[in-house]
Amino acid sequence: MTDSAALRRRLAAAVPVEDPAWRAALEAVPRELFLGNGLFRFDGHHWTPAHRDRTPPGEWLELVYQDTTWVTQVDGTTVIDATGPVTGRPTSSSTLPSLVVRMLDVAGIGEGQKVLEIGTGTGYSTAVLCSRLGEKNVYSVEYDPGLAAAAAEHLHAAGYRPTLITGDGLAGHKDGAEYDHIVATCAVRHIPLSWLRQVRSGGTITTTLSGWMLASGLVRLTVRDDGSATGRFRSDEIGYMLARPHERPPRPDVHLYPGRTGSAGVDPAFLEDWTGHFVAQLGAPSAEFMTTGTGVILVDVATGSQAWTEPAGNGWTVHQHGPLNLWDQVEAALALWQSAGSPPQSGFGMTVEPDGTQRVWIGAPDGPSWELPV
């Protein structure tokens, strides 16, 4: 099948949405205009560029209309700059269409409402918003100037001219406020207060809350009259790249120290559970998470603290080094979660106070909770 319109209809028909208007938007927006000269495909070790002009047109369109996130930039390198396979972390992508509309569905966006999008990326999700709401109601901020320029070209080629801003999306865009909704296509470690101040009372903020362990949770917050915001997490297992100002600090090669040795109270395998991983991150928010062939490693760059596990008979030994007992923090968070009945992420919520204090809680705002680093 080489007909773009037919492929769009096929894609839209397969995507589950609560509001069918988003399906119509997917049918209207030609995704091929937003992937530029190519994309990267990952083989488990390297990112290999796939060039549009070196791929048969029908094969290219079939790639474009897969419900897949296509990486378009790796550590700042785009396909056009890549001379061959590259290594590194993705720094921009065209998010899978089903996730684009899921975020917009969760946000509860309706006709005639004004939306601020954080993270323009390729411009595809921006175009979906424009198709539904009209370009005058869509504002989008992109941190990377090169990506912002390319997104503008893509959007103009598709016939859309929303308000595009190049800058730090964590600052929002006060000149367009007040917004009915803010939707972030990047993850954050905490909610920027600028977002609260730029959304009307009763409006929403929809984002993924993540951290340096790269665990993630999708949350929708409703802004209140007093300037606070509260809401609940969804069960979706969704992850986005961290906003660049919230990214992990550079980390040197890790040298493991024996440190303080003891028995681990929990099996490190619980970190493979989506919610368990999220809870661990709440307990040790400054730690990075890595795996070894036999265990896990937690490292806090700022203090040099580390914790690492290794098998010991039928259990596990944990080594902790530095001023923070990272594994103890994780075990305490896990115990708190288990004492509340080990609910899934849909049992969690979040409150942001006007002074910036932010808490993730279980069950209700007065339930077990963790304060986020801000």
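**Close-up 1. Leu214, a non-glycine residue with a positive phi.**
Leu214 comes out as partly exposed, at a relative accessible area of 44%. This is a predicted model, so keep in mind that the angles and areas in these legends are computed from predicted coordinates. The backbone is the thing to look at here: phi is about 65°, and yet Leu214 is not a glycine. To find the spot, follow strand E10 (199-210) into the loop that leads to E11; Leu214 sits in that loop.

**Close-up 2. Ser342, another residue to check for its phi.**
Here phi is about 55°, again positive, and Ser342 is no glycine either. Helix H9 (326-339) lies on one side of its loop and strand E18 (348-352) on the other. How buried or exposed is Ser342? With 34% relative accessibility, Ser342 falls into the partly exposed class.

**Close-up 3. The cis peptide bond between Ala177 and Glu178.**
If you're scanning omega values, stop at this one: the bond joining Ala177 and Glu178 is cis, with omega at about 10°. Glu178 belongs to the loop that runs between strand E8 (163-166) and strand E9 (179-188).

**Close-up 4. Ser228 and its surroundings.**
Ser228 lies in the loop linking strand E11 (216-223) to strand E12 (229-233). Its relative accessible area is just 1%, so Ser228 counts as buried. Which side chain does the side chain of Ser228 meet in a polar contact? That partner is the side chain of Asp226, at 2.6 Å. Leaving aside residues up to four places away in sequence, Ser228 also touches Leu196, Thr222 and Val223, along with Val352, Glu353 and Pro354.

**Close-up 5. Cys130 and Cys186, with no disulfide for either.**
How many disulfides does the structure hold? The count is 0. Cys130 is in none, and its nearest cysteine sulfur, on Cys186, is 18 Å away. Turn the search around and Cys186 isn't in a disulfide either, with the sulfur of Cys130 as its nearest, 18 Å away. A pair has to come within 2.5 Å to count as a disulfide, so sulfurs 18 Å apart don't qualify. As for burial, Cys130 has a relative accessibility of 4% and is therefore classed as buried. Cys186 is buried too, at 13%.

Conventions: Residues are numbered from 1 along each chain as its sequence is written. This is a predicted model: local features need pLDDT of at least 70, side-chain atom pairs count only at pLDDT 80 or more; totals for chains, interfaces and linings use all residues. Side-chain values use heavy atoms; hydrogens and water are left out. Buried means under 20% relative accessible area, exposed over 50%, partly exposed in between (1.4 Å probe, protein chains only). Helices (H or I, at least four residues) and strands (E, at least two) are DSSP runs, numbered from the N terminus. A polar contact is a pair of N or O atoms within 3.5 Å; within protein, one must be able to donate a hydrogen and the other to accept it, and residues adjacent in sequence count only if both atoms are side-chain atoms. Contact means heavy atoms within 4.5 Å.
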